[in-house]
Each structure stands twice: as C-alpha cells, then as structure tokens.
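Student: Could you take me through one part of this model up close? I'd like to hear how the helices pack against each other, and then how the sheet is put together.

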Amino acid sequence: MSAAAPFVLWLDDPIANGHPALGGKFSSLGEMTASGFSVPPGFGITTTAYRSFMDAAGLSEEARRVSAAADKMALEDIKSETKTLIAGVLNAPLPAQLEADIREAYAELERRTGVKDVPVAVRSSGESEDLAGASFAGQYDTFLWVCGIESVLHHVRQCWVGMFGEAVLSYRVDGQAVISRGDFGMCVGIQQMVQARAAGVMFTLNPLNGDRSKVAMEAVWGLGEGVVKGDITPSRFMVDKVTLEVVERKRSDQREEYRFDPSQGVAVLPIEEERIGVSCLEESHVLALAELAKHIERRRGAPQDIEWAVDVNGNVRVLQVRPETVWSRKAAQSIVGKQRSPIGHVLARMAGNQIAKPAATGAKGAA
C-alpha cells in the first residue's frame, strides 16, 4: 500500500482535496473540506482498498467480465450473470491490513466525535459517476445511521455489491451501458450523521428552466430523505442570487419527518403539533444557504447540486456536492424505473436511497 494511494483517506487530509481514489462524491467533499466549508467529519475507504479486496478475493477478472458484458446484457439476465460475483464480494475475507485500517479509522472517528458506535452515513462514491454524459442518477447506494464497526464493515460490502446491481449494469447513455466503458473502482465514504433539525437540497440554478440567476431549495423537517425519496412534500424557496431576495416560497404543511428512533432506526414519524404549519427554515437560514450555494458554485466554477442539513444547534452542514447535469449534459437514463422530471432527476442523484435498520446502540450524541 503506497502513501499516495492509502486504503483509508480522511476528508481533512490535505491530499483528499479532489483525490481520484475517493470517487466522485467523496473527492468533492475533500475539496469542500479543504476550502473551509462545514462538512461532517469522515473518511473514505478508497478505490485502492476496493481493488485490493477484489484482487485478494480472486474476483477482479470476473468483475471486469461482468462490466464488459453489461452492454449486451438483458435486464432479466443480470441476476444470473452476477450471482457468483456478488456472493464472493459479500463473503470473501477482507485482507488483514485493509480490515485493520477500517477498524482503526472508525475508532478514530469515535475518538474525534466523542461518541461510541458513532452513527454514520455509508455512501457509495464511484469512479464512474462523473463520466461525461452520465450522472448515475440514484443508482448507487447510501446507507444511513449505521452504528458500530461490524455494521460498517457489512455496509461497505453492500456498497461494493452495488457496483453490480441491476440499476448500475443497466444504466445507459446514448444506448451504451456506462459501466462497460472502463474498469471502474468504488470508494465507500464513512461520514458522521448530522442530527438534522431540517435538511434538503439546493441547486445553483432553477432546475425547471435552467435560470442561473436563482438558487432553488427544497427543505423538510428532519433528515433529508423526505426530499430525495419524494415521500414528504417539501417546502420550496427560490432566491435571487444578486439581491438575495426570496422571490418565491411555498411552505409545506408537513406532519411527518424522517428521524432516528432508538427502537426503529431511521423512520417516518409524526412531528410535534407546534411544528405543524411552521416553516422548517427560518429566513436567516434560507439566506445563509443561498450564500453558501453561491460560494460553492464560485469555488467549483459551474452550477452545482448541494445536499445540506441544519443541525439541532442551527449550524448549516454540507453533505454532498455534485456538478449539475440536467441542463449541462445530455439526459441519461436507466431501463430500470420510471422516467423522472428534471427536478426529480436531480434529487435522485443525491442517492440517499437506503436506511440501515435496526440501528445499533450509541446513536445519541450525533451531530
């Protein structure tokens, strides 16, 4: 394992800034951390780690075969073609040094946060995500509120397996399976969960018409899953980038939210009576988010999609940052699932589509 390509790379390590071994999502968070934005602490289990595991398990050649065959693979044939490969990823032993590095990194995250069994988001961050013309809209997995090292190790494998699921292998741009374009690796990001008062997504343009003079936000009480999964109607805000005036707002009469419950893990639960009919974002937070969006867009030089949360102490945290693709690239689509509107396509790219249940003990105190 060389110093230039470690198995584990922390977001606040200077070399994490845009490092390719962190994949699309997590390398951008390394950039955001280096730029001084408020990003929850975490580390990436790099593409080097993934390839080391696959080589040690004798699965690399089979993975290349399956990926290359994806272009000609019918949807109904994918499960039979990948059965052996997936079983190997789930069951082959981890190389001893890789497992030791992951265990030590999670223990260090516990020390840094002061929380035993610190709840984390386990996020897939693939090398293939940022290919020109491909956004991998919601194809890769994220698992929320994962607690304890054994559960982390289990969900790392689940993210690796996601490389060979139906949605990824069937994902096509201009008629070609994207995964067949190269020998791609997968980073898995481990990041402390934010105990969110409110959360959502924002776009540094209007995703319905491409107007770059606006910042568009969708926000909900609780975790942002209600926005990305589309099962809770969000409040909507449109802010003028120049004047920072809120030019449109539509408050949702929200009665349920995603939040952590000790007996259920993350679940949709009723909100308190006093919050019903109350905006999930104060005016000061709307304006702070718009300013944040402008700064991130300026830093990255192009329109962005940003997932954010406001924690219980009122602090705004950056959870994901991705280049906008609906208006800047040709639309891509999967043959799995229904077609999405432009805004639905953007939301799906945040990829918060799995929740780990049940959560282990020790979830209290997450920030």
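Tutor: Here is a walk along the helix contacts, followed by the sheet and one residue on its edge strand. Keep in mind that this is a predicted model.

Let's start with helix 4, residues 78-91. Its axis and that of helix 3 (residues 60-69) come within 10 Å and cross at roughly 155°. An angle over 145 degrees counts as roughly antiparallel, so that is how helix 3 and helix 4 run relative to each other. The crossing of helix 3 past helix 4 is left-handed. On the helix 3 side, the contact is made by Glu62, Ala63, Arg65 and Val66, and helix 4 brings Glu81, Thr82 and Leu85. Sorted by class, this contact has three nonpolar, one polar and three charged residues.

Helix 4 also meets helix 6, which covers residues 149-161. Here the axes come within 9 Å and cross at roughly 160°, which means helix 4 is roughly antiparallel to helix 6. This crossing is right-handed. Helix 4 puts in Ile86, Val89, Leu90 and Asn91, and they meet Arg157, Gln158, Trp160 and Val161 of helix 6. The class count for this contact is five nonpolar, two polar and one charged.

Now stay on helix 6 and bring in helix 5, residues 96-113. These two pack at about 120°, with their axes 10 Å apart, so helix 5 is oblique to helix 6. The crossing of helix 5 and helix 6 is right-handed. Leu98, Glu99, Ile102, Arg103 and Tyr106 of helix 5 make the contact with Ile149, Glu150, Val152, Leu153 and Trp160 of helix 6. The tally for helix 5 with helix 6 is seven nonpolar, no polar and three charged residues. Look out for Trp160 while you're there: it is listed in the contact with helix 4 and again in the contact with helix 5.

On to the sheet. Six strands form an open sheet, in the order 11-10-9-8-14-15, with antiparallel pairing. Strand 11 (246-250) and strand 15 (316-323) are the edges, each pairing on one side only. From one strand to the next, the twist averages 15°. If you want one pairing to trace by eye, try strand 9 (residues 214-221) with strand 10 (residues 235-240): they run antiparallel and six bridges join them. Within that pairing, Met217 has Phe237 of strand 10 as its bridge partner.

Helix 9, residues 283-300, lies across strands 8, 9, 10, 11, 14 and 15. Against strand 15, helix 9 runs at about 40°.

For a single residue to click on, go to Glu248 in strand 11. Setting aside neighbours within four places in sequence, Glu248 is in contact with Arg236, Phe237 and Met238. So you meet Phe237 again here, the bridge partner of Met217. Glu248 and Ala216 are 32 residues apart along the chain, and their C-alpha atoms are separated by 9.3 Å.

One last stop is the aromatic rings: the structure holds four aromatic pairs. Take Trp10 and Phe43, whose ring centres are 5.1 Å apart with the planes at 55°, so this pair is tilted. Trp10 sits in strand 1 (residues 8-10) and Phe43 in strand 2 (residues 42-45), so to speak a link between distant parts of the chain, 33 residues apart.

Terms used: Residues are numbered from 1 along each chain as its sequence is written. This is a predicted model: local features need pLDDT of at least 70, side-chain atom pairs count only at pLDDT 80 or more; totals for chains, interfaces and linings use all residues. Side-chain values use heavy atoms; hydrogens and water are left out. Axes are lines fitted to C-alpha atoms, for helices over the stretch in contact, and angles run from 0 to 180 degrees between N-to-C directions. Helices (H or I, at least four residues) and strands (E, at least two) are DSSP runs, numbered from the N terminus. Angles under 35 degrees count as roughly parallel, over 145 as roughly antiparallel, 65 to 115 as roughly perpendicular and the rest as oblique. A crossing is left-handed if the near helix is turned anticlockwise from the far one by less than a right angle, and right-handed if clockwise. Contact means heavy atoms within 4.5 Å. Ala, Val, Leu, Ile, Met, Phe, Trp, Tyr, Cys and Pro count as nonpolar, Asp, Glu, Lys and Arg as charged, and the others, Gly among them, as polar. Two strands pair if DSSP finds at least two bridges between them. Rings of Phe, Tyr and Trp (its six-membered ring) pair if their centres lie within 6.5 Å; planes under 30 degrees apart count as stacked, over 60 as edge-to-face and the rest as tilted.
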